[in-house]
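Take a look at the sequence and the 3D structure below. This report walks through a few places worth finding on screen.

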Amino acid sequence: MSVSVVLGSQWGDEGKGKLVDILAADVDVCARCAGGNNAGHTIVVPVGPEKVPTTYAFHLLPSGLVNPKCTGLIGNGVVVHVPSFFAELDALESQGLDCTGRLFISDRAHLVFDFHQIVDGLKEVELGGSSIGTTKKGIGPAYSAKASRSGLRVHHLFDHETFAQKFRKVVEGRFKRYGYFEYDTEGEIQRYKVLAERLKPYVIDSVSYIHKAIADGKRVLVEGANALMLDLDFGTFPYVTSSSTTIGGVCTGLGIHPR
């Protein structure tokens, strides 16, 4: 089969990153389909002639990027905090991992903003003793915005005026729900104008990309995030993540046919 999938069967930390690293040595594309930078895979590989053990920390980017011949794809089902995307990319490249021309992100992926992270913390405080115990990365609020059809996607960044209007409206809605909290709305709009230009070369129609890769006989590896028991539908609800961590999430998070 041209598509292989690595999923966790418990609550995470089963060693998915290590397995992905092993399998990625023989694949062309390593793709993420769900979650955000709340996931965490640590890869240790020998580097250089002296085979010095080097540790790479992955949170949002696909772990398969350790293989220099592998392309990384962040699918439409992932929620993306753009500043964290670049912070992680810069950290990896500072360690000598060149990702030039082999890292892409779906234009349909929803965006996580700093106000989502603030709201994440406020929701936990609101729940008190019944708190979920989130990573406060804004993942849940971003998926909530997606489900309520008020979220912003990667492609919205490239029409600045429309983005600014939508962004102001969304932030104002959070103020109405949680009360006013300190947040520089206009500063963020300008920040994302700059980030959008830097992000543009990485953005593609991921559904067409993955279908063409499969049709061309490319070997695709899907790197699951979180694990089965954290699935929104089938996990230990409500102590779960906000996306589908099962095989269903692969189909909807990348647009891959069930067969």
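## A pocket

The second largest pocket has a volume of about 290 Å³. Its lining is made of 13 residues. Val3, Ile256, His257, Pro258 and Arg259 are the ones closest to the pocket's centre. Keep in mind that this is a predicted model.

Which elements each supply at least two residues of this lining? They are strand S1, helix H7 (206-215) and helix H8 (247-254). H8 gives the most, with three residues. By type, the lining of the second largest pocket has nine nonpolar residues, three polar ones and one charged one.

## The binding site in the record

UniProt, in an unreviewed entry, places a "binding site" at ten positions that include Gly12, Asp13, Lys18 and Gly40. Others in the list are Glu14, Gly15, Lys16, Gly17, His41 and Thr42. Such annotations may be inferred rather than shown by experiment.

The same kind of feature, again from an unreviewed entry, is listed for Asp13 and Gly40. These two are spread over 28 residues of sequence, yet they cluster in space, with a largest C-alpha distance of 8.6 Å.

Now go through some of these residues one by one. Start with Gly12. Gly12 sits in the loop between strand S1 (3-6) and helix H1 (16-24). Is Gly12 buried or exposed? Its relative accessibility is 19%, so Gly12 counts as buried. The cut-off for buried is under 20%. Leaving aside residues up to four places away in sequence, Gly12 touches Asn226 and Ala227.

Next comes Asp13. Asp13 also lies in the loop between S1 and H1. With a relative accessible area of 78%, Asp13 is exposed. Its backbone deserves a look too: Asp13 has a positive phi of about 60 degrees, although it is not a glycine.

Lys18 is in helix H1. Its relative accessibility is 62%, so Lys18 counts as exposed.

Gly40 is found in the loop between strand S2 (29-32) and strand S3 (41-47). Gly40 is partly exposed, with a relative accessible area of 46%. Residues up to four places away in sequence again set aside, Gly40 touches Phe58 and His59.

## Backbone details

Arg149 also has a positive phi without being a glycine, with a value near 65 degrees. Where is Arg149? Look in the loop between helix H4 (139-147) and helix H5 (160-178). Arg149 is exposed, at 75% relative accessible area.

Another backbone feature is at Pro238. The peptide bond from Phe237 to Pro238 is cis, and its omega is near 10 degrees. Pro238 lies in the loop between strand S10 (220-223) and H8.

## Aromatic rings

How many aromatic pairs does the structure hold? There are 16. Two of them are set out in this table.

| Pair | Centre to centre | Angle between planes | Type |
|---|---|---|---|
| Phe85 and Phe86 | 5.0 Å | 80 degrees | edge-to-face |
| Phe113 and Phe167 | 4.9 Å | 80 degrees | edge-to-face |

Why is the pair of Phe85 and Phe86 edge-to-face? Their planes stand at 80 degrees, so the pair gets that label. The label calls for planes over 60 degrees apart.

Phe113 and Phe167 link distant parts of the chain, 54 residues apart. Phe113 is in the loop between strand S8 (110-111) and helix H3 (114-127). Phe167 is in helix H5.

How buried are these rings' residues? Phe85 is buried, with a relative accessible area of 0%. Phe86 is buried as well, at 3%. Phe113 and Phe167 are both buried too.

Finally, Phe113 and Phe167 belong to one aromatic cluster. Its other members are Phe115, Phe163, Phe175, Tyr180, Phe181, Tyr183 and Tyr192. Try selecting the whole cluster in the viewer, then return to the pocket and the binding site.

Notes: Residues numbered from 1 in each chain as written. Predicted model: local features only at pLDDT ≥ 70, side-chain atom pairs only at ≥ 80, totals over all residues. Heavy atoms only, no water. Helix = DSSP H or I, 4+ residues; strand = E, 2+ residues; numbered from the N terminus. Buried < 20%, exposed > 50% of the residue type's maximum accessible area, 1.4 Å probe, protein only. Contact = heavy atoms within 4.5 Å. 1 Å grid on protein atoms, 1.4 Å probe; cavity = no way out; pocket = protein on both sides within 12 Å on 5 of 7 lines; lining within 4 Å. Points joined across faces, edges and corners; volume = space filled by probe spheres on them. Nonpolar A, V, L, I, M, F, W, Y, C, P; charged D, E, K, R; others polar. Phe/Tyr/Trp six-rings, centres within 6.5 Å; stacked < 30°, edge-to-face > 60°.
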